[in-house]
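Student: Could we go through the helix packing in this model? Please begin with whichever contact you prefer.

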Amino acid sequence: MSTDAEVLADVASVFGDVPRPERFTSHICEECDEHNETLQAHTLESLSIDEVGSAAWNPVVMCSPDAFRYLMPALARICLGPTDHPMWGWYGEILIESDLRRNGPRNDRWVACTPQERECIARFLEHVIDSRAEIIQRYDMQHQVLDAFAIWSDRGV
């Protein structure tokens, strides 16, 4: 089994050339503007669960597909971080439920990703399944994580 550090290095390598978007959110509304400002204020290294951990106020949900691709190294890092944040709990719940299962198979983010990026997200999810079985069970997310894995392991042929 790979270590967290190896998986994060893989994600950073595969997504490392995705350019930082001029605007993170694709919609123009007051909420999207606030989400865009939040994401613009951070780098991939400084983004934390405090900015993206709320299911009710999650800027990543409003991101364009290319912004999501750019953020993937930070999102993977946050997901593999502490599982017991006192306010937000485990970020993997939001990442898997809201961002990776979003609109089911072949969603706009899946389409925007290259085959290599899709395979990388599938490897990341496989690592989450292998290394975070206890937290997945505690959050009763077995179905959701397997569903996300099925979406991202689809080669699109």
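**Helix packing and the core**

Tutor: L95, I96 and L100 in α5 meet I121, F124, L125 and V128 in α7; contact means heavy atoms within 4.5 Å, and helices are DSSP runs (H or I, at least four residues) numbered from the N terminus. This is a predicted model, in which local features need pLDDT of at least 70, side-chain atom pairs count only at pLDDT 80 or more, and totals for chains, interfaces and linings use all residues. Residues are numbered from 1 along each chain as its sequence is written, and side-chain values use heavy atoms, with hydrogens and water left out.

Student: How do the residues of the α5 and α7 contact divide into nonpolar, polar and charged?

Tutor: Seven are nonpolar, with no polar and no charged residues.

Student: And at what angle do α7 and α9 pack?

Tutor: Helix α7 (residues 115-131) and helix α9 (residues 142-153) pack at about 155 degrees, their axes 8 Å apart; axes are lines fitted to C-alpha atoms over the stretch in contact, and angles run from 0 to 180 degrees between N-to-C directions. The two helices are therefore roughly antiparallel, a term for angles over 145 degrees.

Student: Changing topic, which residues touch the most other members of the largest nonpolar core?

Tutor: They are L71, Y91, I121, F124, L125 and W152, out of 44 residues. Such a core is a set of buried Ala, Val, Leu, Ile, Met, Phe, Trp, Tyr and Cys residues joined through side-chain atoms within 4.5 Å, buried being under 20% relative accessible area with a 1.4 Å probe, protein chains only.

Student: Which helix gives the largest share of this core?

Tutor: α4 does, with ten residues.

Notes
Angles under 35 degrees count as roughly parallel, over 145 as roughly antiparallel, 65 to 115 as roughly perpendicular and the rest as oblique. Buried means under 20% relative accessible area, exposed over 50%, partly exposed in between (1.4 Å probe, protein chains only). Ala, Val, Leu, Ile, Met, Phe, Trp, Tyr, Cys and Pro count as nonpolar, Asp, Glu, Lys and Arg as charged, and the others, Gly among them, as polar.
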